[in-house]
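Dear colleague,

I am passing on the structure we spoke about, and below it you will find my notes. Please read them with the model open beside you.

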Amino acid sequence: MSKNKKTALILLLVCVAIAVIPFFALSGKAEFGGSDDAGGTLVEKNDSSYKAWATPVLEKAIGGELPGEVESLLFCVQTGIGVGIMAFFLGRFVERKKLGKEDQEL
């Protein structure tokens with residue numbers, strides 16, 4: 001096995017370990033929740049008379065809270081759009097660099 005293959009295999013194993021070890025280390029102790037939930041709980045605990053002064057636009061439009069699946073879908077769509085824009089411009093920079101090298105050779 002070549003040195004590059006060994007390095008790639010070791011890095012792949014490290015990545016898998018980083019992804020899997022927390023599941024076993026925190027099983028039963030950790031609870032999934034977002035920062036919004038933690039912030040709301042903390043505000044309620046410190047000041048029970050606090051009243052929110054703004055509501056999310058989509059919640060106001062549909063008259064209730066969005067299901068978690070829809071929120072996840074919207075987040076993924078937003079992420080996909082951002083990654084697409086970044087990949088487009090990175091591709092443009094790479095092409096510009098390649099074309100610049102070809103012009104210098106001529």
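What follows goes from the overall fold to a few local features.

Please keep in mind throughout that this is a predicted model, and that every value quoted here is computed from it.

The chain contains four helices and zero strands, so that, read from the N terminus, its elements run α-α-α-α. With a radius of gyration of 24 Å, well over the 13 Å that the globule rule gives for 106 residues, the chain is more spread out than a compact globule. Along the principal axes, its C-alpha atoms fill a box of roughly 75 × 40 × 25 Å. Burial is correspondingly worth a look: of the 106 residues, 1% count as buried.

Within helix H1, which covers residues 3–25, lies Val16. Its relative accessible area is 45%, and because the partly exposed class runs between 20% and 50%, Val16 falls into that class. Val16 and Val43 are 27 residues apart along the chain, and their C-alpha atoms are separated by 38 Å.

Val43 also appears in the second largest pocket, whose lining is made up of Gly40, Thr41, Val43, Glu44, Asp47, Tyr50, Ala52, Trp53 and Ala54. The volume of this pocket is about 220 Å³, and by class its lining comprises five nonpolar, two polar and two charged residues.

Turning to the later part of the chain, the UniProt record, an unreviewed entry, lists residues 72–91 as "transmembrane region"; as an annotation, this may be inferred rather than shown by experiment. In the model, residues 72–91 are 100% helix and 0% strand, with the C-alpha atoms at the two ends 28 Å apart.

The structure holds one aromatic pair. Its partners are Phe88 and Phe89, whose rings sit 5.2 Å apart centre to centre with 80° between their planes, an edge-to-face arrangement. Are these two side chains to be classed as buried, partly exposed or exposed? Phe88 has a relative accessibility of 47% and therefore counts as partly exposed, and Phe89, at 43%, is likewise placed in the partly exposed class.

With best regards

Methods. Residues numbered from 1 in each chain as written. Predicted model: local features only at pLDDT ≥ 70, side-chain atom pairs only at ≥ 80, totals over all residues. Heavy atoms only, no water. Phe/Tyr/Trp six-rings, centres within 6.5 Å; stacked < 30°, edge-to-face > 60°. Buried < 20%, exposed > 50% of the residue type's maximum accessible area, 1.4 Å probe, protein only. 1 Å grid on protein atoms, 1.4 Å probe; cavity = no way out; pocket = protein on both sides within 12 Å on 5 of 7 lines; lining within 4 Å. Points joined across faces, edges and corners; volume = space filled by probe spheres on them. Nonpolar A, V, L, I, M, F, W, Y, C, P; charged D, E, K, R; others polar. Rg over C-alpha atoms; globule rule 2.2 N^0.38 Å.
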